[in-house]
Amino acid sequence: MFDWLRAFARWLEVYVIGMPLYFAAPAMILIGALDSSLLSLPEINDYLVVGRCIKNPSAVIYFPLLAAAGSVLGCLLLYSIMRRGGQTVLRKRFSLNSIRKVEKAYARFGFLAIAIPAILPPPLPFKIFVATAGTLEYPRWKFLLTVMLARSFRYYVEGILAVFYGRRVLTFARDNGLVIASVVAALVLIGLIIYIFINRKRVPEKPEEEGTDADGFMDEEGTL
């Protein structure tokens with residue numbers, strides 16, 4: 001059933017990695033947009049970034065940015081569709097239980113609810129977070145900025161590691177996706193606990209009432 005998809009992925013891997021930049025750049029943006037919107041091409045963006053950086057190490061400077069830009073365009077398309085279609089469209093594509101979990105994640109963690117899934121590799125789902133952001137009418141500029149930064153971070157890290165360690169980077173990410181997700185989630189939770197603890201320690205001082213000194217007596221303009 002998925003033989004055509006595997007063949008297509010192999011074709012993309014060979015030609016996008018080997019093509020001159022003036023062909024590879026728009027192809028990478030298009031592939032990233034399709035993968036993040038209407039068509040799923042699992043990990044193909046990661047493979048293309050890693051493969052290109054292995055073949056041409058200088059590509060690590062710019063090629064991850066192309067993949068991130070394509071992903072942002074695809075996310076914007078899905079976000080816009082869901083924002084117009086609302087909950088009806090969302091419930092046709094995802095289970096009600098999954099939708100509620102994602103909505104709770106947005107309510108509790110804000111932009112981290114889209115940033116973390118954008119960084120982490122499969123099997124963590126990503127499109128449901130994009131779709132839910134649209135139905136919740138999450139601010140468009142904040143959504144796009146978060147996706148761009150998160151995806152750029154992911155692809156740049158993969159590209160840099162690929163220059164030094166090759167395709168073992170993708171194998172590790174694919175085989176240990178849940179472990180990576182758990183570690184990141186734990187780090188985020190620790191950071192939130194520290195943030196809440198520090199804010200609670202900062203108790204604002206009450207301003208002194210006008211007309212009294214620190215001992216509670218009236219100042220020189222008072223009667224006492």
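Author: In this predicted model, helix axes are lines fitted to C-alpha atoms, and the angles between them run from 0 to 180 degrees between N-to-C directions.

Reader: At roughly what angle do the axes of helix H3 and helix H4 cross, and how are the two helices oriented to each other?

Author: Helix H3 covers residues 44-55 and helix H4 covers residues 63-85. Their axes come within 9 Å and cross at roughly 165°. Angles over 145 degrees count as roughly antiparallel, so H3 is roughly antiparallel to H4.

Reader: Is the crossing of H3 and H4 left-handed or right-handed?

Author: The handedness depends on which way the near helix is turned from the far one. For H3 and H4, the crossing is right-handed.

Reader: Which residues are joined into one network by salt bridges that share partners?

Author: The side chains of Arg 154 and Asp 46 meet in a salt bridge, at 2.9 Å from N to O. Arg 154 lies in helix H9 and Asp 46 in helix H3, so this pair ties together parts that are 108 residues apart in sequence. The side chains of Glu 158 and Arg 154 also meet in a salt bridge, at 3.8 Å from N to O. The network therefore consists of Asp 46, Arg 154 and Glu 158.

Reader: Is Asp 46 buried or exposed?

Author: Buried means under 20% relative accessible area. Asp 46 has a relative accessible area of 3%, so Asp 46 is buried.

Reader: How does Leu 161 count in terms of accessibility?

Author: Leu 161 lies in helix H9, residues 140-165, and belongs to a nonpolar surface patch of about 670 Å². Because its relative accessibility is 33%, Leu 161 counts as partly exposed.

Note on methods
Residues numbered from 1 in each chain as written. Predicted model: local features only at pLDDT ≥ 70, side-chain atom pairs only at ≥ 80, totals over all residues. Heavy atoms only, no water. Patch = residues over 30% accessible without salt bridge, like charges linked within 9 Å, V, L, I, M, F, W, Y side chains within 5 Å. Areas by Shrake-Rupley, 256 points an atom, 1.4 Å probe, with all protein chains shown as cover. Salt bridge = Lys/Arg side-chain N within 4 Å of Asp/Glu carboxyl O. Helix = DSSP H or I, 4+ residues; strand = E, 2+ residues; numbered from the N terminus. Buried < 20%, exposed > 50% of the residue type's maximum accessible area, 1.4 Å probe, protein only. Parallel < 35°, antiparallel > 145°, perpendicular 65-115°, else oblique.
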